[in-house]
Amino acid sequence: MKSVILKTATRLMIGLMLVFAVYVFLRGHHEPGGGFSAALLAGTAFSLLAITNGADHVRKAIRIRPSVMALSGLALAAGAGLPALFFGKPFLTGIWWQTETFAAGTPLLFDSGVFLAVLGAILSILLALEEN
Amino acid sequence: MRITPPDTEAVPDCCRKGLYSCLLPSGLFALLCLAWPGVVNGDVFTVQWAWVPSLDLNLAFRLDGLSLLFGLIITMTGFFVTIYASSYMAGHPQNGRFFVFLHAFMIAMLGIVFADNLLLMFICWEATTILSFLLIGFDHEKSDARENARQALLVTGAGGLFLLMGILLLKSAGFSMTLSALSESADGIQNHALYPAVFICFMVGAMTKSGQVPFHFWLPNAMSAPTPISAFLHAATMVKAGIYLLMRLHPVMGGTPLWMSTLVLVGGATALWGAIQALGPCDLKRILAYTTLMALGVLTLFLGGQTVLSLTAATTFLMVHALYKAALFLAVGSIDHQTGTRDLNDLGGLVTRMPLTALAVAGATLSMAGFPLFFGFIGKEIMYAGALAEDMFPLFAAGITLSANALMTAVAAIILITPFAGVLPAHLKNTWETPWTMRIGPAFMGLLGVVFGIMPEWVSENLIQPAVFAFHPDREEIRLFLFHGINLPLVLSIITLTSGAVIYRQKIRLRRGIRFLIDHLWVTTPELYQSGLTRFLTTAATVTRILQNGSLTTYMSVIVFTLVLLTGSVWLPHVADIASIPAVTGPYIAMGLFVFVLGAAAVVVTARHRLAAIGGLGGVGGGVALIFLVFGAPDIALTQLLVETLTLIFVSLILLRLPPMEPIVKPRATFQARTLRNAILSISAGLVVFTLVSGVVSTPLDRSLTAFFETHSYLSAHGRNIVNVILVDFRSLDTLGEICVIVLAAWAGVHLIRRPFGQRKAP
């Protein structure tokens, strides 16, 4: 789409949206948000980019192929279930490392997997639509 | 692939691989031999590992007399078939595939006979079905091999489903799935209301697998397989699985009038029909296939009996048949391999050219005909004694056995005399004996028929008796002797041999009669199968044409109609139970949103352009998302809003590529019946969903789950956002499944959007 205003606005917006996506992703465990919502947000950002600058631009920007991204998301999510097996717990049980102020665990990995899988799925459809 | 005399002793290099692979069956055979003395003494070896305990599916195995007998037959035949096939299949481009299938099949078969858990047995059972499909259709370039393989798969696979149903019914009636435990609750099972249903399911499973009338037609067609496979399938394995199942179920379900009459009648019909048809064809392999039908029928007939005598007869004949049938199939394969034909009209005088094969065939056929001194004779004597000892229709059983045996004698004479005696036809002048690998199997098994015939006491003590005791509670010993004295069975035996000779003399006339009979049968089961299959396919095609006609409107109407029909028919009778439709209450802002959503919906319905309609849809979605927000579900609101936005973008992208927009609502003048139908459909769908939602809302909510997540989400999963904790922690397996679905859907979508190869841009 040849609209200078939209192009310029996109350049400003996209960074903001992606940062917001990261924010939504990270706050997900305690406040509304999470991997799925963040993926939708990032997907919206990239569709804006795809509409203004074309699919090739998006491909260059994300560097890895959407299908690879989706599959690695699946692998990451499934892999996040494995550490529990080493502790003799059922597959996908959350394993946590915590200090007094901070806790991190495999659910975060799992959520990243969800993020990548959903974003990869959105991008692959988007780019296919854009290129067709 | 004709081999000239100098080559006969040399084994080609390429078949050495096949020779190595016979280490597997011989090793298994040796292992079974180690357990043999214990089993003869009455020991039962069992092992059990948990597999899926919640489904009562365990890796439970059991080695007793019956499974030992079957195991020995399977591994021994497997061993000789492997040796044989190493030459028979030499040079075949898919040699390796053949041996993998063959041995996988053997192991699946061993799984059936050693499994103590019915579900485990079912799994092995279906494995043999699938592997036999691959084996029968091994020459998959030939269309009839594919066709016959599919037929075998359909018939035995459908029977397998019946078997599964029987197992599940048995389980739901409150009984175990472990065979050894089942036989202890035999009385309970036989008096249970579900017994007839369970019995029918198991019977259909066993009958399809063992080719009993009316499911017999797939078995002769299975001859499209390479000959070593036919030998294995027919002599030792696959088709005997049904017989094995009947033997195993004997202590559990046997002895009822239903069991006895069904088995005797079905077995009798199969035996007679198989024996009559065996006289018909000129193809040696086909003749053997029909005699297998006869043998399976006779076995079923004897399993209908309840006395030790008739069960001993069944077990003895099982061994007799396995020995002679494997030998004959392999020998016929040799003839085919060396001469290029199996047609009786083209064969003759081979005794001078293939003496050892002729000897093996002589041993096997004489045993098959039941000549004295051969194992078949012992089998026949005990068969007559067993038939007369049946509880139901003993005279019928004896009559069937007598006529089937007489016909078998004639068939044995045909197999022995026609190819080997007489004048050697000119086109067979260059025929020579096969390599030793192809002779050893028939020769050994033919010889075994004589050895067992001479020492029946040893056989009965070490093989037959332990097997019978494994599935019959009475420990009544039956001794087998070469000569039982002058009694009724001996008289019947003599009648059999003489009438067999008479039938052989009249074979030309009889063959004509049988062909006439088969041609003029009003309807036959193969025809029924064929027409049923055709009708099934045309029905499927018609249904597909109606439902999948490419119109999106039709798809939507079908989906909505199904929803209204199913949900409505279940739900509407309960509508009266709703106390009252709750008054719409809530903050004013929610009321405003409600009006907004309604307005947006009105825009969707009345819009004249696609873009406007889609904008309206987005409005509905956004409004609903805001309603979620007002009622305290920020997570859902956020997700919904984002999904709506993305959907809007995607749909717009699609719209940009559609042909120029036309007004979607036609002028009012052309009011169509379709419009009325769609209106009725959508209004009724709306009503059903509305009453459903109000029904859900008017029932008090169970808050125990919410309370659980409220207390546990921070303590166990370190998260304060319950929704997210459920998604990534408590129910993460569901989420994993869902993202798999998303990725799959995207993959499918991409391939739908993209143009075919060649037209699309490189990614």
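Student: How much area do chain B and chain A bury between them?
Tutor: About 3800 Å², with 72% of it on carbon and sulfur atoms. Buried area here is the accessible area, taken with a 1.4 Å probe, that two parts lose on being put together, summed over both. This is a predicted model: local features need pLDDT of at least 70, side-chain atom pairs count only at pLDDT 80 or more, and totals for chains, interfaces and linings use all residues. Residues are numbered from 1 along each chain as its sequence is written, chains are lettered from A and ligands numbered from 1 in the order in which they are written, and side-chain values use heavy atoms, with hydrogens and water left out.

Student: How many residues does the contact take from each chain?
Tutor: Chain B gives 40 residues and chain A gives 44 residues. Contact means heavy atoms within 4.5 Å.

Student: And how many salt bridges between chain B and chain A?
Tutor: Zero. The rule asks for a side-chain nitrogen of Lys or Arg within 4 Å of a carboxyl oxygen of Asp or Glu. Over all chains, that rule gives nine salt bridges.

Student: OK, chain A. Which elements does it have, from the N terminus on?
Tutor: The order is α-α-α-α-α-β-β-α. That makes six helices and two strands. Helices (H or I, at least four residues) and strands (E, at least two) are DSSP runs, numbered from the N terminus.

Student: What box do the C-alpha atoms of chain A fill?
Tutor: Roughly 55 × 30 × 20 Å, taken along the principal axes.

Student: What percentage of chain A counts as buried?
Tutor: Of its 132 residues, 51%. Buried means under 20% relative accessible area, exposed over 50%, and partly exposed in between, with a 1.4 Å probe and protein chains only.

Student: What share of the contacts in chain A join residues at least 24 apart?
Tutor: 62%, counted among contacts between residues at least 6 apart in sequence.

Student: How much area does chain A expose?
Tutor: About 6700 Å², and carbon and sulfur atoms supply 70% of it. Those areas come from the Shrake-Rupley method with a 1.4 Å probe; for residues, only the protein chains shown count as cover.

Student: How many positive and negative side chains in chain A?
Tutor: 9 positive and 6 negative, with the centres of the two sets 10 Å apart. Lys and Arg count as positive, Asp and Glu as negative; His and the chain ends are not counted. Each charge is placed at NZ of Lys, CZ of Arg, CG of Asp or CD of Glu.

Student: Back to salt bridges. Which residue pairs with K171(B)?
Tutor: D56(B), with the closest N and O atoms 2.8 Å apart. The pair links distant parts of the chain: K171(B) is in helix α6 (residues 143-172) of chain B, while D56(B) is in the loop between β1 (45-52) and β2 (57-63), 115 residues apart.

Student: Is D56(B) buried or exposed?
Tutor: Buried, because its relative accessible area is 19%. K171(B) is at 34%, so it counts as partly exposed.

Student: What meets R248(B) in a salt bridge?
Tutor: The side chain of D64(B), at 2.8 Å, N to O. This pair also links distant parts of the chain: R248(B) sits in helix α12 (residues 238-253) of chain B and D64(B) in the loop between β2 and α3 (65-88), 184 residues apart. R248(B) and D64(B) are both buried.

Student: And where do R150(B) and E147(B) lie?
Tutor: In helix α6 of chain B, three residues apart, about one turn of the helix. They form a salt bridge, with closest N and O atoms 2.9 Å apart. R150(B) is partly exposed at 42%. E147(B) is partly exposed at 29%.

Student: Which residues are joined into one network by salt bridges that share partners?
Tutor: R62(B), D64(B) and R248(B).

Student: E126(B) has no salt bridge. Where is the nearest side chain of opposite charge?
Tutor: That is K209(B), 5.2 Å away, and E126(B) is buried. E126(B) is found in helix α5 (residues 118-136) of chain B. Leaving aside neighbours within four places in sequence, E126(B) contacts T156(B), G157(B), G160(B) and L161(B).

Student: Last one: where is S493(B)?
Tutor: In helix α21 (residues 488-505) of chain B. S493(B) is at 3% relative accessible area, so it is buried. Beyond neighbours within four places in sequence, S493(B) contacts F377(B), K380(B), E381(B) and Y384(B).
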